[in-house]
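Reader: I should like to learn how the features of a protein model are read. Please take me through them in turn.

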Amino acid sequence: MECKVTWQGAGTMAFSAETGSGHQLQMDGPPDAGGKNSAARPMELLLAGTGGCSAFDVVLILQRARQAVTGCEVALMAERAEVEPKVFTKINLHFTVKGKDLDPSKVSRAVQLSHEKYCSATTMLAKMAEITYSIDVVAE
């Protein structure tokens, strides 16, 4: 896996990134650090990537279990250390999984498998942060 991050130049704290799969994204900092708040912060993207990684696993596991999943949202709440480096110390992933005739035990198992086995992002972050999760199953 590879990625190239390029500073957008003097007078800004904006950066662009090109991923190894050819996708572009933007990052910026807050005004008090010289940024213009024109894009997500790098740590926000790390948190978003963690949610995406786990949600991907959950949907894939449920589809393979022949569950009629129609929606999956993950709301992440993170706490960071007070001093530099301001690493994540706690992260909660709250899953809202929607579908027709979903088996709540299969949804719970899918989230557990993502958390304990498949999601490389949560596994990596768990080395320094307390990772927790909660689940709502919504019938459609």
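**Reading the model**

Author: Let us begin with a turn: in the hairpin of β2 and β3, 4 residues lie between the strands, and Gly22 takes a positive phi near 90°. Please keep in mind that this is a predicted model.

Reader: How should backbone angles be read in general?

Author: Most residues other than glycine have a negative phi, and most peptide bonds are trans. In this structure, Asn37 has a phi near 55°, a positive value in a residue other than glycine. Asn37 is found in the loop between β3 and α1.

Reader: Is the peptide bond from Glu84 to Pro85 cis or trans?

Author: The bond from Glu84 to Pro85 is cis, and its omega is near -10°. Pro85 belongs to the loop between β4 and β5 (88–100).

Reader: How many helices and strands are there in the protein?

Author: The protein has 3 helices and 6 strands. Starting at the N terminus, the elements follow the order β-β-β-α-β-β-α-α-β. As for overall dimensions, the C-alpha trace spans about 55 × 35 × 25 Å along its principal axes.

Reader: How does one read the pairing of strands?

Author: Strands of a sheet pair through backbone hydrogen bonds, either parallel or antiparallel. Here, one open sheet is formed by 3 strands in the order β1-β2-β3, with antiparallel pairing. Its edge strands are β1 and β3, each of which pairs on one side only. From one strand to the next, the twist averages 20°.

Reader: Which residues stand opposite each other in this sheet, and how many bridges join β1 to β2?

Author: The antiparallel strands β1 and β2 are joined by 5 bridges. Within β2, Ser16 stands opposite Thr6, and Thr19 stands opposite Cys3. The strands β2 and β3, also running antiparallel, are joined by 4 bridges. Glu18 has Gln24 in β3 as its bridge partner.

Reader: What is the order of the strands in the sheet that contains β4, β5 and β6?

Author: These 3 strands form an open sheet in the order β4-β5-β6, and the pairing is mixed. β4 and β6 (130–139) stand at the edges with a single partner strand each, so one side of each has no neighbour in the sheet. On average, neighbouring strands of this sheet are turned by 15° against each other, direction ignored.

Reader: In which sense do β5 and β6 pair?

Author: β5 and β6 pair in the parallel sense, over 10 bridges. For a residue pair to locate in the view, Gly99 stands opposite Ala139 in β6.

Reader: How is the packing of two helices described?

Author: Two packed helices are described by the angle between their axes and the distance between the axes. In this model, the axes of α1 and helix α2 (residues 104–118) come within 9 Å and cross at roughly 130°. α1 is therefore oblique to α2. The crossing of α1 and α2 is right-handed.

Reader: And how does one find empty space in a structure?

Author: Rolling a probe the size of a water molecule over the atoms shows where empty space is left. The largest pocket here holds about 540 Å³ of space. It is lined by 18 residues, and those closest to its centre are Met1, Leu45, Leu46, Gly49 and Thr50.

Reader: Which elements supply at least two residues of the lining of the largest pocket?

Author: They are β1 (3–7), β2 (15–19), β3 (24–27), α1 (42–64) and α3 (120–125). α1 gives the most to this lining, with 6 residues. By class, the lining of the largest pocket has 12 nonpolar, 5 polar and 1 charged residues.

Reader: Which residues line the second largest pocket?

Author: The second largest pocket has about 260 Å³ of space. Its lining consists of Arg41, Met43, Glu44, Leu47, Ala78, Arg80, Glu84, Pro85, Lys86 and Phe88. Two or more of the lining residues come from each of α1 and β4 (68–80), and α1 gives the most, with 3 residues. By class, this lining has 5 nonpolar, no polar and 5 charged residues. Glu84 and Pro85, both part of this lining, are the residues joined by the cis peptide bond discussed above.

Technical notes. Residues numbered from 1 in each chain as written. Predicted model: local features only at pLDDT ≥ 70, side-chain atom pairs only at ≥ 80, totals over all residues. Heavy atoms only, no water. 1 Å grid on protein atoms, 1.4 Å probe; cavity = no way out; pocket = protein on both sides within 12 Å on 5 of 7 lines; lining within 4 Å. Points joined across faces, edges and corners; volume = space filled by probe spheres on them. Nonpolar A, V, L, I, M, F, W, Y, C, P; charged D, E, K, R; others polar. Pairing = 2+ DSSP bridges. Axes fitted to C-alpha atoms, helices over the stretch in contact; angles between N-to-C directions. Parallel < 35°, antiparallel > 145°, perpendicular 65-115°, else oblique. Left-handed = near helix turned anticlockwise from the far one by under 90°.
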